[in-house]
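Thanks for asking me to go through this one with you. Here are my notes, point by point, to read alongside the coordinates.

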Amino acid sequence: MSTPAIGRSRARAEARLKVTGGARYAYEQPLDGIAYGWIVGSTVARGTITTIDADPARAAPGVIAVLTHENAPRLRPHVDPELEALQSPEIAFRGQPVALVVAETLEDAREAARLVEVTYDAQDHHVTLRDDDPRLYEPDGLGGGSPTSSFQGKPEAAWSAAPVAIEVTYRTPAEHNNPMEPHATTAVWDDGTLTLHDSTQGPATTRDAIAPLLGLDEDAVRIRNEHVGGGFGSKGTPRINAVLAAQAAKVVGRPVKLAVTRQQLFDLTGYRTPTIQTLRLGAERDGRLVSIGHHAIGQTAATPGFLEPTTMPTRVLYAAPHRRSSQQVAALDVPSPSWFRAPGRCPGTFALETAMDELAVACGLDPIELRVRNEPEVDPETGVRFSSRGLVACLREGAERFGWADRDPRPSVRPRRRTP
């Protein structure tokens, strides 16, 4: 058995194709008879389409078809309503597709899309996350079997009685994936079988979603993704471009290419929810935690979708006899959030670790020493002993490598550069 070549350079199998421009992505498939799609998005955040006049677009040069909720192929209901493309006049968020123009060239499709005239019965919309929103509710679990709330001991009483206690609130903004390669699909029908050249990180997941939407058996849908130009999680689940491309190709009887524009990526391909997080940390004067409280608020779509498991890091990182973590979401008139690198752990860890830094200042302790003193011997939630855990070793090694001991200890002061 050969020893793994750790630290040795290895050539990527696709490297030459990529650096020479030979790699073909979802939108670049060389097929005969290609037509091009362009999405028309809603200009209101909530309401109902009252009229949609696509005749000027249909009369434009090069246009083959214009799909709207009035003539698009019917889809089966799906657990993710955002995939039910062009099925209803109801608008759930700004940018929701209301029409798809299909033309001989991309330029023809883009120009004709400007001619689609849509009027709306716009309704009051709510798109801003607030901690006093009456629509806040506690969801049913954080995914993976984890409960929404976790409670041990008497966290409120322990925090109130702690010699050192802090309460802090942090807000994090929405973050958008926006990979270098936009979400794109080339759809081809052949005798009842659908092939999607799709920019996806989850071909099986995409097939499993698209097939029932279109009323097809899974073996009648083939997903191909030779290369993926970035995703950060946003291409791990199917997106509406794949559905629209499949619908359009069915209608026009030709292969159809459809790419989400850079602007439309902000509406149609997921994002990390903004958060409002409040932490209450109570400690003895030596910095040992007696109470940890973490409450997080995020947003989801009016039709609930993905939930960012923001409080999960707090349940495992530090020991304390009294603990509470809880989470709420507000159902807003926005697209559903989705996967974005380290879901939950990124904003949740930011809030927890920033609060720990503030506690270190309040206790007059070195921030690393504070963390070492609160290193758990077992999983704080379950009491199960860790098979391995190297956080303290990482802290010590990192501190040594970049000269932590020589820094200016005042918060927000840049460390002095170590002399070689």
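The points below go through a predicted model, moving from strands to rings, cysteines and charged pairs.

1. **Ala 35 and its surroundings.** A good place to begin is Ala 35, which lies in strand S1, covering residues 35-41. The relative accessibility of Ala 35 is 0%, so the residue counts as buried. Beyond its neighbours within four places in sequence, Ala 35 is in contact with Ile 64, Val 102 and Ala 103, and also with the run Arg 254, Pro 255, Val 256 and Lys 257. For a distance check, the C-alpha atoms of Ala 35 and Ala 109 are 9.2 Å apart, while 74 residues separate the two in sequence.

2. **A three-stranded sheet.** Next, have a look at the open sheet with strand order S4-S2-S6, where the pairing is antiparallel. Strand S4 (90-91) and strand S6 (117-122) are the edge strands; each has a single partner, so one side of each has no neighbour in the sheet. Strand S2 (residues 47-53) is joined to S6 by six bridges, and the two run antiparallel. If you would like one residue pair to locate this, Ile 52 has Val 118 as its bridge partner in S6.

3. **Aromatic pairs.** How many aromatic pairs does the structure hold? There are four. One of them is Tyr 170 with Phe 350: the ring centres are 5.9 Å apart and the planes stand at 65°, so this pair is edge-to-face. Tyr 170 belongs to strand S9 (residues 164-172) and Phe 350 to helix H8 (residues 345-363), so the pair ties together parts 180 residues apart in sequence. Tyr 170 is buried because its relative accessibility is 11%, whereas Phe 350, at 40%, is partly exposed. The rings of Phe 402 and Trp 404 also make an edge-to-face pair, because their planes are at 80°, with centres 6.2 Å apart. Phe 402 is exposed, with a relative accessible area of 53%, and Trp 404 is partly exposed at 22%.

4. **Charges over rings.** Trp 404 has a further partner: the charged end of Arg 407 sits over its ring, 4.0 Å from the centre. There is another such case at Trp 159, where Arg 280 lies over the face of the ring at 4.2 Å from the ring centre.

5. **Cysteines.** The disulfide count comes to zero. Cys 394 is in no disulfide, and the nearest cysteine sulfur, belonging to Cys 346, is 18 Å away. The cut-off for a disulfide is a sulfur pair within 2.5 Å. Is Cys 394 buried or exposed? With 54% relative accessibility, Cys 394 counts as exposed. Cys 363, by contrast, is buried, with a relative accessible area of 14%.

6. **Salt bridges across the chain.** The structure holds 24 salt bridges. Among them is Arg 254 with Glu 104, whose closest N and O atoms are 3.0 Å apart. Arg 254 is in the loop between helix H6 (240-252) and strand S13 (256-259), and Glu 104 is in the loop between strand S5 (97-103) and helix H3 (106-113), so the bridge ties together parts 150 residues apart in sequence. Both ends are partly exposed: Arg 254 has a relative accessible area of 22%, and Glu 104 has 37% relative accessibility. Arg 254 also appears in the contact list of Ala 35, which links back to the opening point.

7. **Salt bridges around H8 and H9.** Arg 371 forms a salt bridge with Asp 357, the closest N and O atoms being 3.0 Å apart. This pair connects helix H9 (residues 367-373), home of Arg 371, with helix H8, home of Asp 357, over 14 residues. Arg 371 is buried at 9% relative accessibility, while Asp 357 is partly exposed at 36%. Arg 407 also forms a salt bridge, with Asp 366, at 3.3 Å between the closest N and O atoms. Arg 407 lies in the segment after helix H10 (391-401) and Asp 366 in the loop between H8 and H9, so the pair ties together parts 41 residues apart in sequence. Arg 407 is buried, at 17%, and Asp 366 is partly exposed, at 24%.

8. **A charged network.** Finally, please look at Arg 12, Glu 14 and Lys 18, which are linked in a network of salt bridges.

Terms used:
Residues are numbered from 1 along each chain as its sequence is written. This is a predicted model: local features need pLDDT of at least 70, side-chain atom pairs count only at pLDDT 80 or more; totals for chains, interfaces and linings use all residues. Side-chain values use heavy atoms; hydrogens and water are left out. Helices (H or I, at least four residues) and strands (E, at least two) are DSSP runs, numbered from the N terminus. Buried means under 20% relative accessible area, exposed over 50%, partly exposed in between (1.4 Å probe, protein chains only). Contact means heavy atoms within 4.5 Å. Two strands pair if DSSP finds at least two bridges between them. Rings of Phe, Tyr and Trp (its six-membered ring) pair if their centres lie within 6.5 Å; planes under 30 degrees apart count as stacked, over 60 as edge-to-face and the rest as tilted. A charge sits over a ring if NZ of Lys or CZ of Arg is within 6 Å of the ring centre and within 35 degrees of the ring normal. A salt bridge is a side-chain nitrogen of Lys or Arg within 4 Å of a carboxyl oxygen of Asp or Glu.
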